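Please open the model in your viewer and keep the sequence panel beside it. This tour moves from one selection to the next and says what is found at each stop.

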Amino acid sequence: MCFRLLRLCLFTEKNLVFLLTSHVDIYAVRALDLQVDNDMEREDALQLIVAMMNIYQHSHLKRLIEFSAAQREGKKYAFPKSVMQPVIALALRAICSSITSEPPNVSKKTDDGENVKDWLSFACLEVFLEFCVVEPELILSMAGTDWMVRILMGASVPSRRVASVVAHILVSWLDRPHLRAKGKLHLVLEQIFAPLIEFGFFQKNLSSTEQ
């Protein structure tokens with residue numbers, strides 16, 4: 001209930017800064033990580049994290065954090081990576097669960113070998129894919145591209161719709177030169193198409209595509 005009230009009161013960048021200085025992000029991350037019959041609290045925590053990230057995208061705080069991160073001796077901020085880390089972990093867990101033919105809401109096993117269902121894993125995957133579009137550099141730095149190769153090669157496909165969305169994300173990243181370079185997307189293409197096309201094809205044409 002507390003996280004829900006905070007989310008409903010979150011309208012501006014000033015509200016976001018107040019929550020961060022009050023360490024609300026730490027409490028939300030902790031609530032999302034815990035699995036002790038607190039499904040409603042975890043869902044509210046996830047919604048609060050999404051609301052915080054939506055405010056962050058269009059704020060001066062984002063420019064400040066990015067500018068500081070670009071400086072060699074600049075101040076390093078934990079946010080937004082601190083709140084996205086558990087979301088990305090749950091999203092990748094949903095992807096990996098497809099490899100073992102488990103339902104996407106199965107996250108881990110207890111010491112007794114019993115499955116513990118995580119009802120938020122697929123919801124986190126949806127949030128993860130959304131931020132692949134709106135915050136691609138953040139996703140690249142935190143999650144890499146291995147998950148993308150798994151889905152597009154069919155090794156781990158939660159659904160055809162997810163595979164289609166990931167394909168569109170890859171195309172949009174390829175259209176941006178700095179993302180191609182940062183994510184080394186030519187290697188992603190090699191892994192996907194190597195069984196069908198000569199392995200050195202992309203290396204030969206890499207220089208021309210970067211121009």
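**A proline in a loop**

Begin by selecting Pro80, which sits in the loop between H5 and H6; helices here are DSSP runs of H or I with at least four residues, strands are runs of E with at least two, and both are numbered from the N terminus. Show the backbone on both sides of the bond that joins Phe79 and Pro80, and you will find a cis peptide bond with an omega of about 10°. Most peptide bonds are trans, and most residues other than glycine have a negative phi.

Before going on, note that this is a predicted model, in which local features need pLDDT of at least 70 and side-chain atom pairs count only at pLDDT 80 or more, while totals for chains, interfaces and linings use all residues. Residues are numbered from 1 along each chain as its sequence is written, and side-chain values use heavy atoms, with hydrogens and water left out.

**The whole chain**

Zoom out to the full protein, whose secondary structure comes to 13 helices and 2 strands. Of its 211 residues, 40% are buried, where buried means under 20% relative accessible area, exposed means over 50%, and partly exposed is in between, with a 1.4 Å probe and protein chains only.

**Two aromatic pairs**

How many aromatic pairs does a search of the whole structure find? The search finds 2, and rings of Phe, Tyr and Trp (its six-membered ring) pair if their centres lie within 6.5 Å, with planes under 30 degrees apart counted as stacked, over 60 as edge-to-face and the rest as tilted.

Select Tyr56 and Phe79 for one of these pairs: the ring centres are 5.3 Å apart and the planes stand at 90°, so the pair is edge-to-face. Tyr56 belongs to helix H4 (residues 39-57), whereas Phe79 lies in the loop between helix H5 (60-70) and helix H6 (81-97), so that the pair links distant parts of the chain, 23 residues apart. Tyr56 and Phe79 are both buried.

Now select Phe128 and Trp147, whose ring centres are 4.8 Å apart and whose planes are at 75°, so this pair is also edge-to-face. Because Phe128 lies in helix H7 (residues 121-134) and Trp147 in helix H9, the pair ties together parts that are 19 residues apart in sequence. Phe128 and Trp147 are both buried.

**Helix H10 and its partners**

Keep H7 on screen and add H10: the two pack at an angle of about 20°, with their axes 10 Å apart. Axes are lines fitted to C-alpha atoms, for helices over the stretch in contact, and angles run from 0 to 180 degrees between N-to-C directions. H7 and H10 are therefore roughly parallel to each other; angles under 35 degrees count as roughly parallel, over 145 as roughly antiparallel, 65 to 115 as roughly perpendicular and the rest as oblique. To see the contact (heavy atoms within 4.5 Å), select Phe122, Leu129, Cys132 and Val133 of H7 together with Val162, Val165, Val166, Ile169 and Trp173 of H10. These residues divide into 9 nonpolar, no polar and no charged, where Ala, Val, Leu, Ile, Met, Phe, Trp, Tyr, Cys and Pro count as nonpolar, Asp, Glu, Lys and Arg as charged, and the others, Gly among them, as polar.

Next, hide H7 and show helix H12 (residues 185-193), which packs with helix H10 (residues 160-174) at an angle of about 140°, with the axes 11 Å apart. H10 and H12 are therefore oblique to each other. Their contact is made by Leu170, Trp173 and Leu174 of H10 and by Leu185, Val188, Leu189 and Ile192 of H12, and these residues divide into 7 nonpolar, no polar and no charged.

**A buried threonine and two positive phi values**

Select Thr145, in the loop between helix H8 (136-143) and helix H9 (146-152). Is Thr145 buried or exposed? Thr145 counts as buried, because its relative accessibility is 15%. Not counting residues up to four places away in sequence, Thr145 touches Leu140, Trp173, Gly183, Leu185 and Val188.

Move to Lys184, in the loop between helix H11 (177-183) and H12, where phi is near 50°, a positive value in a residue other than glycine. Finish at His23, in the loop between helix H2 (13-21) and helix H3 (24-33), whose phi is near 65° and thus also positive. His23 counts as partly exposed, at 44% relative accessibility.
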